[in-house]
Amino acid sequence: STSDSVVTLLDYGAGNVRSIRNALRHLGFSIKDVQTPGDILNADRLIFPGVGAFAPAMDVLNKTGMAEALCTYIDNDRPFLGICLGLQLLFESSEENGPVKGLGVIPGTVGRFDSSAGIRVPHIGWNALQVGNDSEILEDVGNRHLYFVHSYRAIPSSENKEWISSTCNYGESFISSIRRGNVHAVQFHPEKSGETGLSVLRRFLDPKLPATQKPMEGKASKLAKRVIACLDVRSNDKGDLVVTKGDQYDVREQSNENEVRNLGKPVDLAGQYYKDGADEISFLNITGFRDFPLGDLPMIQVLRYTSENVFVPLTVGGGIRDFTDASGRYYSSLEVAAEYFRSGADKISIGSDAVYAAEEFIKSGVKTGKSSLEQISRVYGNQAVVVSIDPRRVYVNHPDDVPYKVIRLTNPGPNGEEYAWYQCTVSGGREGRPIGAYELAKAVEELGAGEILLNCIDCDGQGKGFDIDLVKLISDSVGIPVIASSGAGTPQHFSEVFDTTNASAALAAGIFHRKEVLIQSVKEHLLEKGIEVRI
Ligand code: 1PR
């Protein structure tokens, strides 16, 4: 390839940069990896997708001499694009486990979002930019949403205002992009922001692109409610990996053969949902609790292929825990997660293992730091760790019948019961545990979960709407985003859950797989109802 189609990438090995690699290849560029500080100085254009935490990133940059090379490269006004942490590292310091000194190119300190301001932290999802100073890489963004995922941010000040090309509002105004000459950095993820994000990369890579006549239309003004498509994946009896879907978690057909219900191929369906406007795609390896996922290479392949063409966030769950295989080889949950991240996952989701960790934590009151949840969120950041809860409604007559959080039901139970608690389960709903969804949610938030995927076994596959009582209970009890799941049957069910609870996202499976409702129809309906969505 000619030097025109080569881009230099600074990957210091801290997480998932597969997404950015895929996006660059998709745009027709080949990638040269930085091996030495000299590679930075010799680059024609350099992309720095910062991942992981601030302090370890600075450590690596300082030890390898890359920090100095980066500063020289930027001082010389060479084409540079920093992404996410790659923007934050340009500042003087960060409060993330700090203060920690940064590269010091831009005046200011990176601090944590203030969750007392009534916002959920991390800031996860599609948000709007207020574009100020000209930046040609933002030329095609127009009034469209871009994908953010972070807990720390830099704020505008009189010292750094010449650097700022856009800000974003999330409880306060923070810096969403900077530019000076050929030096750019963005807090959002262009590689995960669909076509709008790809346009930002394209403009950076090819400054000679003609100016846009007509910016893409959109109505972005704030953080959008997300619509997520979920693919429950497992092997069928023939050994093929299929997308399946249960009724209250039972995925077998009610026929004589009793086969696993087959609703399509995971990679194809994910690609379709991306085109249809899904804001995120989740894969749940639903037999991961018994089949070791790294033995289950097809799932890794599914992620690899999907991430080549799907430029919105991908979550994968199922089987994330410590494991010893048949030959006695031990795998830590961290290794399992690392393999998922390397294969293209942006977030991992933990089910059963988070229940055990929460039970332990509640019993002892001590954070051991050893649970898979704690370890993975320490290494990859809590924004990369979702906890998936699989609760079942248990009716009771009186609030103090059980030692768990009980709620008064909007619709009484079959025997007129006015109360219920939500019992957590493990192993795909097969085993009930002595902990409620409320207690679990609070505990996993403390242990480092960045988001909660809230299912409900009673509602799963029923098409009668989300369990509003449950979603309200959990989304009012934690400060991290909550994804409502299970039971969507119509677009109205989505507006209902957003109008009546504090859910940040809503997820559905069956209606999308069976094409009963299209993602576009859900978005149009929400828009009509005045709910902010990405279009
Ligand atoms: O315990 O860490 O191995 O994770 C297992 C993961 O697999 C968990 O996230 C768990 O929710 C999921 N899972 C396990 N068994 C099943 C099953 O269905 N038999 N699927 C299962 C969970 C629930 C949702 C579903 C929504 C929306 N499926 O993911 O997609 O309920 O469905 P709908 O819109 O059709 O109502 P671990």
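Two strands are taken to pair where DSSP finds at least two bridges between them. In this predicted model, strand β5 (residues 91-94) meets that condition with β6, the two being paired in the antiparallel sense over two bridges. S94 has V100, a residue of β6, as its bridge partner. Both strands belong to an open sheet of four strands with mixed pairing, arranged in the order β6-β5-β7-β11. The edges of this sheet are occupied by β6 (100-101) and β11 (152-154), and because each has a single partner strand, one side of each is left without a neighbour in the sheet. In general, the strands of a sheet pair through backbone hydrogen bonds, in either a parallel or an antiparallel sense.

The protein chain as a whole contains 16 helices and 29 strands. Its C-alpha trace spans about 75 × 55 × 45 Å along the principal axes. The radius of gyration of the protein chain is 23 Å, which agrees with the value near 24 Å that a compact globule of 535 residues would have. Of the 535 residues, 53% count as buried, and of the contacts between residues at least 6 apart in sequence, 71% join residues that are at least 24 apart.

According to the unreviewed UniProt entry, the annotation "active site" covers C84, H189, E191, D232 and D390. These positions are spread over 307 residues of sequence and are also spread in space, with up to 32.1 Å between C-alpha atoms. C84 is additionally covered by the annotation "binding site" in the unreviewed UniProt entry.

Two of the annotated positions, C84 and D390, can be described through their surroundings. C84 is located in strand β4 (residues 80-84), and this residue is classed as buried because 25 other C-beta atoms lie within 10 Å, where the cut-off for burial is 20 or more. When its neighbours within four places in sequence are left aside, C84 is in contact with P49, G50, H150, Q187 and H189, and H189 is itself one of the positions under the "active site" annotation. D390, by contrast in setting, is found in the loop between β22 (385-389) and β23 (391-396). D390 is likewise buried, with 27 other C-beta atoms within 10 Å. Not counting residues up to four places away in sequence, D390 touches G351, C424, T425, G429, N455 and I457.

The ligand is surrounded by 33 residues, of which G351, S352, S388, G428 and G510 come nearest. The elements that give two or more residues to this shell are β15 (226-235), β21 (347-350) and α10 (352-364). By class, the shell around the ligand is made up of eleven nonpolar, 17 polar and five charged residues. G351 thus appears in two descriptions, being among the residues that come nearest to the ligand and among those that D390 touches.

Conventions. Residues numbered from 1 in each chain as written. Predicted model: local features only at pLDDT ≥ 70, side-chain atom pairs only at ≥ 80, totals over all residues. UniProt positions renumbered as here; feature names shortened; annotations may be inferred. Buried ≥ 20, exposed ≤ 12 C-beta atoms within 10 Å, placed from the backbone. Contact = placed C-beta atoms within 7 Å. Near = placed C-beta within 6 Å. Nonpolar A, V, L, I, M, F, W, Y, C, P; charged D, E, K, R; others polar. Rg over C-alpha atoms; globule rule 2.2 N^0.38 Å.
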